[in-house]
Amino acid sequence: MNEDTPQGNWKQFKGKLVEQWGKLTDDDFDVIAGRRDQFLGKLQERHGIARDVAEKQLKEWQGRHPEFRFRD
């Protein structure tokens, strides 16, 4: 996600992520703070999946939601 993305977009972004991966919590999002690697780690932890599976799921999700970007 871009640093200059308005806060409102982050809330919408989080909502879309929760729709896809409902086991993520508000505390997880506080840790993630828009960072891709942090998101992948929490996705693995909460959903019990391997890193490559998490990356594949995220890539597919981002293909459907190109307007949302993580920070690196």
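The exercises below concern helix α3 and the aromatic pairs of a predicted model.

Residues are numbered from 1 along each chain as its sequence is written, and side-chain values use heavy atoms, with hydrogens and water left out. In this predicted model local features need pLDDT of at least 70 and side-chain atom pairs count only at pLDDT 80 or more, while totals for chains, interfaces and linings use all residues.

**Exercise 1.** Compare the reach of helix α3 with its expected span.

Solution.
- Helices (H or I, at least four residues) and strands (E, at least two) are DSSP runs, numbered from the N terminus.
- Helix α3 covers residues 36-47, which is 12 residues.
- The expected span is 1.5 Å times one less than the number of residues.
- From first C-alpha to last, α3 reaches 16 Å, close to the expected 16 Å.
- Just after α3, G48 has a positive phi of about 60°.

**Exercise 2.** Find the buried residues of α3 and explain how they are placed around its axis.

Solution.
- Buried means under 20% relative accessible area, exposed over 50%, and partly exposed in between (1.4 Å probe, protein chains only).
- The buried residues of α3 are F39, L40, K42 and L43.
- They lie on the same side of α3, because they cover an arc of only 165° around the axis. The arc is taken over the directions from the helix axis to the C-beta atoms.
- An α-helix has 3.6 residues a turn, so residues three or four places apart point the same way.

**Exercise 3.** Describe the surroundings of K42 in helix α3.

Solution.
- The relative accessible area of K42 is 15%, so K42 is buried.
- Contact means heavy atoms within 4.5 Å.
- With neighbours within four places in sequence left aside, K42 is in contact with L24, D28, V31 and I32.

**Exercise 4.** Classify the aromatic pairs F13 with F68 and F39 with F70.

Solution.
- Rings of Phe, Tyr and Trp (its six-membered ring) pair if their centres lie within 6.5 Å; planes under 30 degrees apart are stacked, over 60 edge-to-face, and the rest tilted.
- This rule gives 7 aromatic pairs.
- The ring centres of F13 and F68 are 5.1 Å apart and the planes are at 35°, so this pair is tilted.
- F13 lies in helix α1 (residues 7-20) and F68 in the segment after α4 (51-64), so the pair ties together parts 55 residues apart in sequence.
- F13 is buried at 1% relative accessibility, and F68 is buried at 6%.
- F39 and F70 also form a tilted pair, with 5.1 Å centre to centre and 35° between the planes.
- F39 lies in α3 and F70 in the segment after α4, so this pair ties together parts 31 residues apart in sequence.
- Both F39 and F70 are buried.
- F13, W21, F39, W61, F68 and F70 form one aromatic cluster.
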